[in-house]
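Trainee: Please take one part of this structure and go through it closely. After that, I would like to see how other parts can be read in the same manner.

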Amino acid sequence: MAGGMWGPALGAPVGALTLTALAEGIRASRGQPTGPPAPGPQPQPEPEPAVAEPGRATTIPTAGGEPLSPPLPQEPAPEGPQLIPRSSWEEGALADLAMYTATCLEEAGFVGTQATALTLSSALEARGHRLEDQVHGLVRGLLAQVPHLAEGRPRRAALRVLSALALEHSRDVVFALLRCSPAPDRAAAELWRSLSRNQRVNGQVLVQLLWALKGSAGSQLEALAATRALGEMLAVSGCIGATRGFYPHLLLVLVTQLHELAWDAHPPDTPKVWAPSHRGPPHSHASCTLEALKALLSGDGGRMVVTCMEQAGGWRRLVGARTHLEGVLLLASALVAHADHHLRGLFADLLPRLRSTDNAQRLTAMAFFTGLLQSRPTARLLREEVILERLRAWQGDPEPTVRWLALLGLGHLALNRGKVRHATTLLPALLGALGEGDPRLVDAALGALRRVLLRPQAPVRLLSAELRPRLPPLLDDARDSVRASAVGLLGTLVRRGRGGLRVGLRRPLRKLVLQCLVPLLLRLHDPNPDTAESSEWTLARCDQALHWGLLEEMVTVAHYDSPEALSRICHRLVQWYPSHVPSFLSQTQGYLRSPQGPLRRAAVLLTGFLVHHSSPSHVNQDLLDSLFQDLGLLRSDPEPAVAAAAHVSGQQVALLARAQPQPYGWSLRHLPRPGRPRPWPARPPPVYARSPFQHRSLPGRWGCSGSG
């Protein structure tokens with residue numbers, strides 16, 4: 001065969017025996033007389049085999065003219081010293097015979113595939129062997145010959161042989177291919193794709209690959225080979241139909257594998273903690289898993305899911321150590337929006353995993369469970385009482401990640417019918433989570449409270465009273481995401497309570513707004529852009545609800561850091577809320593010690609303008625003394641702009657101190673005191689230099705080069 005239609009096989013005697021020599025071997029094993037042995041290719045032309053009827057074995061004439069079933073060139077090992085070891089040319093000869101038989105049966109279609117398997121089985125049974133025992137040798141021989149076969153009939157024959165083997169022995173074929181091609185291999189990829197195109201065998205092969213992937217937990221090499229094979233098969237158009245019945249299971253296995261790759265394996269005697277991987281998995285493994293997952297989704301009409309994940313950064317999050325569960329939540333949301341035909345099966349398949357002892361499998365299932373609660377039909381598969389009981393149990397878990405998922409789940413469950421539900425369970429849990437140390441829990445609680453406020457019949461008055469002691473500290477939280485979310489929640493609360501504020505109701509909300517007014521004005525200069533933009537949006541909502549008429553001034557301060565606009569804002573606030581001026585100044589004083597230069601300068605300016613527009617009767621002497629002392633310390637600030645502004649604001653404090661009758665012994669007694677009460681001339685306004693800090697509306701911030 002080596003010199004026949006298949007061409008010479010590289011690397012040694014693979015395919016060196018002819019069909020006649022194979023037949024001679026079978027006759028010898030049966031005790032029949034044989035001709036002289038043929039050490040290599042026969043000089044005479046090879047006999048043409050007769051094509052069998054569909055469903056029957058093909059017979060091949062031997063040198064003596066007797067029809068025989070195509071034999072296997074591997075003889076049973078004889079006892080005694082004449083034992084002949086198995087060699088690679090035997091496997092190659094068997095592969096040659098298999099491909100020759102498949103070529104003869106090419107026109108028979110599926111029946112030809114069955115006939116190929118039957119022919120090979122008959123040949124092996126004549127030698128006392130079984131086909132399943134020789135699958136590995138056949139696959140290895142095919143894998144060696146496919147790269148050297150020409151396109152067309154020879155290659156089709158090789159692929160038909162593989163399909164014939166997989167039809168009856170899919171498990172053996174899959175494991176043989178995985179073991180023969182652990183590294184990326186073109187020939188192996190072509191064989192996997194050929195199996196995927198065969199509608200008769202692709203489902204069986206996919207199931208075997210799935211089990212191989214699940215059973216290779218201890219070997220990353222086997223898992224990588226199985227994942228790569230899955231990616232090759234799922235990328236073939238039309239293969240997804242073969243996953244019917246185990247599509248959700250395959251999806252969960254791939255996503256869970258990404259979780260396992262994102263985190264280092266911990267020894268069994270050490271506690272499992274939420275710590276990032278220092279080295280990370282091999283990039284090729286995670287990349288293959290991700291491509292297989294994308295192929296699974298795209299082939300099933302989920303291209304919008306893939307697109308949404310790309311736009312939201314979901315794929316990058318899925319392979320990240322700290323962000324994997326966020327990626328799972330994004331994937332669940334995309335499935336709810338664009339591929340809801342698999343949600344019921346996915347929901348049912350992940351329920352047993354919620355109690356898994358494997359950390360990666362359990363957390364991935366929890367994240368999917370939480371995300372799928374956004375779908376009303378899916379959430380109705382379980383009674384609400386059962387879901388609530390499960391989520392409340394998660395809230396008591398010592399792991400912050402589980403408590404975070406519980407909060408997200410409570411928010412989805414309470415809002416999936418268009419109105420606030422289970423308020424007696426939801427609100428205490430969300431409000432209690434505002435004091436958590438993990439920023440993910442606080443963000444989740446703030447986000448859920450904001451969604452509660454967006455629903456009809458939201459408990460605005462109750463939340464205004466409950467948030468008054470809890471929300472102001474979060475506006476100054478050291479975590480950027482918490483500050484931005486807290487400011488946004490306040491804006492949403494004001495927006496929902498706007499009608500009541502206009503007619504004089506919502507007294508708790510009005511108090512909360514005035515309590516948070518100074519932090520909002522100063523956070524316009526927050527170095528974090530999300531917090532600064534959220535503060536601007538919230539101040540606009542407050543201006544609209546309370547009829548301040550200061551929207552233009554607030555926008556100007558936010559984008560251009562205009563002292564004139566800030567002066568007009570302070571003038572109106574002092575006029576409308578004179579009794580709150582000491583509170584405004586006390587809050588501003590706290591920001592004078594901020595470690596961030598822009599906030600210190602903003603606090604110095606706000607102090608100067610509030611003092612300038614205040615009446616002497618509004619501010620007590622102790623507060624003025626404290627302000628004068630803190631501003632004096634800032635005159636030696638490392639930021640020159642802060643030091644210069646502190647000098648100007650200190651003068652305003654001194655002028656206000658001189659404008660009121662002072663008791664003897666006040667700390668500013670070095671200032672001249674009037675002999676008797678008399679009207680003082682108007683105090684000159686403070687003048688501040690332009691801020692050196694970057695403003696949000698500078699041309700360079702928007703990628704423009706500016707004028708010129």
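Mentor: What follows begins with the whole chain, turns to one helix, and then takes up other places.

The model is predicted. The protein has 32 helices and two strands. Of its 708 residues, 53% are buried. Among contacts with a separation of 6 or more, 70% join residues that are 24 or more positions apart. Keep that percentage in mind when looking at the helix.

The part to look at closely is helix α19, which covers residues 423-433. Its buried residues are Leu426, Leu427, Ala429, Leu430, Leu431 and Ala433. An α-helix has 3.6 residues a turn, so residues three or four places apart point the same way. With that rule in hand, go back to the list: Leu426, Ala429, Leu430 and Ala433 are among the buried residues of α19, and you can follow them along the helix in the view. Leu427 and Leu431 are also on the list.

What covers these residues? The cover of the buried residues of α19 includes α17 (384-395), α18 (400-415), α20 (439-453) and α21 (460-467).

Take one residue of the helix as an example. Ala429 is found in α19. Ala429 counts as buried because its relative accessibility is 13%, and the cut-off for buried is under 20%. Setting aside neighbours within four places in sequence, the contacts of Ala429 are Gln395, Leu407 and Leu410. Compare these numbers with the helices that cover α19: α17 spans 384-395 and α18 spans 400-415. Gln395 is also a case of distance along the chain set against distance in space. Gln395 and Ala429 are 34 residues apart in sequence, while their C-alpha atoms are 8.4 Å apart.

A comparable pair can be found in another helix. Arg658 is located in helix α32, residues 640-658. From Arg658 to Pro616 there are 42 residues in sequence, and 8.9 Å from C-alpha to C-alpha. Arg658 is classed as partly exposed because its relative accessible area is 30%.

Now the nonpolar core. The largest nonpolar core has 182 residues, and those touching the most other members are Trp192, Leu195, Leu209, Leu297, Leu335, Phe368 and Leu467. Helix α5, residues 153-180, gives the most to this core, with twelve residues. Phe368 shows what such a member touches: beyond its neighbours within four places, Phe368 is in contact with Leu252, Val255, Val328, Leu331, Ala332, Leu335, Leu346 and Leu350.

Helix α5 also holds Ser170. Ser170 counts as buried because its relative accessible area is 9%. Apart from neighbours within four places, Ser170 is in contact with Leu165, Gln204 and Gln208.

There are also enclosed spaces. The structure holds three cavities of 30 Å³ or more. The second largest of them has about 40 Å³ of space. Its lining consists of Tyr247, Leu297, Asp300, Gly302, Leu335, Ala339, His341 and His342. By type, the lining of this second largest cavity is four nonpolar residues, three polar and one charged. Leu297 and Leu335 line this cavity, and both were named above among the core residues that touch the most other members.

A charged residue can be buried too. Arg523 lies in the loop between α25 (507-522) and α26 (529-546). Arg523 counts as buried because its relative accessibility is 6%. Its side chain makes a polar contact of 3.3 Å with the side chain of Asp476. With neighbours within four places left out, the contacts of Arg523 are Leu475, Asp476, Arg483, Thr531, Ala532, Ser535, Tyr591, Gln596 and Leu599.

Last, two loop residues deserve a look for their backbone angles. Most residues other than glycine have a negative phi. His547, which is not a glycine, has a positive phi of about 55°. The loop that holds His547 runs between α26 and α27 (551-560). Asp561, likewise not a glycine, has a positive phi of about 50°. Asp561 sits in the loop between α27 and α28 (563-576). As for surface, His547 counts as exposed because its relative accessibility is 53%, whereas Asp561 is buried, with a relative accessible area of 13%.

Terms used: Residues numbered from 1 in each chain as written. Predicted model: local features only at pLDDT ≥ 70, side-chain atom pairs only at ≥ 80, totals over all residues. Heavy atoms only, no water. Core = buried A, V, L, I, M, F, W, Y, C linked by side-chain atoms within 4.5 Å. Buried < 20%, exposed > 50% of the residue type's maximum accessible area, 1.4 Å probe, protein only. Helix = DSSP H or I, 4+ residues; strand = E, 2+ residues; numbered from the N terminus. Contact = heavy atoms within 4.5 Å. Polar contact = N/O pair within 3.5 Å; in protein donor to acceptor, adjacent residues only side chain to side chain. 1 Å grid on protein atoms, 1.4 Å probe; cavity = no way out; pocket = protein on both sides within 12 Å on 5 of 7 lines; lining within 4 Å. Points joined across faces, edges and corners; volume = space filled by probe spheres on them. Nonpolar A, V, L, I, M, F, W, Y, C, P; charged D, E, K, R; others polar.
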